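Notebook open, coffee next to it. I wanted to look up aromatic rings, a pocket and a few single residues, and jot down what turned up.

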Amino acid sequence: MSEPVIDLAARAAESALFIKRSVPAVPPLALVLGSGLNELAEGVQDATVIPYRDIPHFPVPTVAGHAGNLLVGRIDSAGLIVLQGRFHYYEGHPLEVVTFPMRVLQFLGVRTVILTAATGGIRADLRPGNLVCLSDHLNLIGDNPLRGSNDTRLGTRFPDMTEVYSKKLRAVAREEGKRLGINVIPGVYACLPGPSYETPAEIRMLQALGADVVGMSTVPEAIVARHGGMDVLAFALVTNSAAGVLGTPISHKEVLDAGKKATPLLGKVLRRVALRLSDP
Ligand code: HPA
């Protein structure tokens, strides 16, 4: 028996149409909020809040600390879409589902996606509260969201990944961080499937591979966003030292609390970056 064929492009187009009909205008910038960072959505003005469950074909999150709303609004003069709550591989979703929101953004005509995530700091100088701007990644999920037949309406078969995280946008993030007195640190993100945190031996392995931070999200979305022709900027908030770095256990609560605590810092940087992008 052959696999049922799911027309991802048609589904994403339907989701996008629903969103377009729900708002006066669709901004070209989108922000995806990671664990513990949901409160960043509170800074969005004149927001139209669309629950994920109301959007045709949209998945619904299962993790505590992850809301499920799409917001369309603005930060001062910068219009933006905010995805409050994301989907993870560890929840059991196939990567096609994890990255479905990126396809919807693509069909909405979004040009730039800013991804945010809570991460463990591997590099010795990284501390909880530090803000890392991804310069590159290691996809160690053991899967790829583009696996399977390629639909050319979505992108090319073998997309280039030389510069997943736009050099230009990274420079903007660093500049705006500097103006605010916030050190925006470049780093390489290793993406593991989770949901267990890593062992100290795994962290030593990741360190040897060149990773600076570790997490369980962001990379599938970044791959799909690039496949779909969008520019990507990604921030990894260090919420904890990775396993074995300090020898203390890691808890989800610690991750969420650190995310909450750093929300104002990340909010300041995001505001400035959004303003720069809306008025280059
Ligand atoms: N490992 C993996 N994912 C994470 C971590 C971590 O230490 N902290 C926050 N997300």
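**Aromatic rings**

I started with a search of the whole structure, a predicted model, and it came back with four aromatic pairs. I took Tyr52 and Phe58 to begin with: their ring centres are 4.7 Å apart and the planes make an angle of 45 degrees, so I wrote this pair down as tilted. The reason is that tilted covers what is left between stacked, under 30 degrees, and edge-to-face, over 60.

Then I checked how much of each ring residue is accessible. Tyr52 has 1% relative accessibility, so it counts as buried. Phe58 comes out at 8%, and it is buried too because the cut-off is under 20%.

Tyr52 has another partner, Phe87. That pair is also tilted, with 5.6 Å from centre to centre and 40 degrees between the planes. I looked up where the two sit, and the pair ties together distant parts of the chain, 35 residues apart. Tyr52 is in the loop between strand E2 (45–51) and strand E3 (69–75), while Phe87 is in the loop between strand E4 (78–84) and helix H2 (95–98). Both Tyr52 and Phe87 are buried.

Which residues make up the aromatic cluster? I noted Tyr52, Phe58, Phe87 and Phe100, forming one cluster.

**Second largest pocket**

Next I went to the second largest pocket, which has a volume of about 310 Å³. I counted 25 residues in its lining, and those that lie nearest the centre are Ser35, Ala118, Tyr197, Met216 and Val255.

Which elements supply at least two residues each to the lining? My list reads strand E5 (112–121), strand E8 (213–215), strand E9 (231–241) and helix H7. E5 gives the most, with four residues. Sorted by class, the lining of this pocket has 13 nonpolar, 10 polar and two charged residues.

**Thr263**

H7 supplies part of that lining, and I stayed with this helix for a single residue. Thr263 is found in H7, which runs over residues 252–278. Buried or exposed? I have Thr263 down as buried, because its relative accessible area is 8% and the cut-off is under 20%.

For its side chain I found a polar atom 2.8 Å from the backbone oxygen of Gly259. Leaving out neighbours within four places in sequence, I noted contacts of Thr263 with Gly36, Leu37, Glu39 and Leu40.

**Arg111**

Arg111 is in the loop between helix H3 (100–108) and E5. Its relative accessibility is 46%, so it counts as partly exposed, a class that ends at 50%.

What does Arg111 touch, not counting residues up to four places away in sequence? I wrote down Pro28, Gly229, Met230 and Asp231. I also checked Arg111 against Glu96: they are 15 residues apart in sequence, and their C-alpha atoms are 20 Å apart in space.

**Leu17**

Last entry. Leu17 has its place in helix H1, residues 8–22. With a relative accessible area of 40%, Leu17 goes down as partly exposed. I looked up its distance to Pro56 as well: the two are 39 residues apart along the chain, and 9.5 Å separates their C-alpha atoms.

Conventions
Residues are numbered from 1 along each chain as its sequence is written. This is a predicted model: local features need pLDDT of at least 70, side-chain atom pairs count only at pLDDT 80 or more; totals for chains, interfaces and linings use all residues. Side-chain values use heavy atoms; hydrogens and water are left out. Buried means under 20% relative accessible area, exposed over 50%, partly exposed in between (1.4 Å probe, protein chains only). A polar contact is a pair of N or O atoms within 3.5 Å; within protein, one must be able to donate a hydrogen and the other to accept it, and residues adjacent in sequence count only if both atoms are side-chain atoms. Contact means heavy atoms within 4.5 Å. On a 1 Å grid over the protein atoms alone, a cavity is a set of points where a 1.4 Å probe fits but cannot get out, and a pocket is an open set with protein on both sides within 12 Å along at least five of seven lines; lining residues have an atom within 4 Å of a point. Grid points are joined across faces, edges and corners, and a volume is the space filled by probe spheres set on the points. Ala, Val, Leu, Ile, Met, Phe, Trp, Tyr, Cys and Pro count as nonpolar, Asp, Glu, Lys and Arg as charged, and the others, Gly among them, as polar. Rings of Phe, Tyr and Trp (its six-membered ring) pair if their centres lie within 6.5 Å; planes under 30 degrees apart count as stacked, over 60 as edge-to-face and the rest as tilted.
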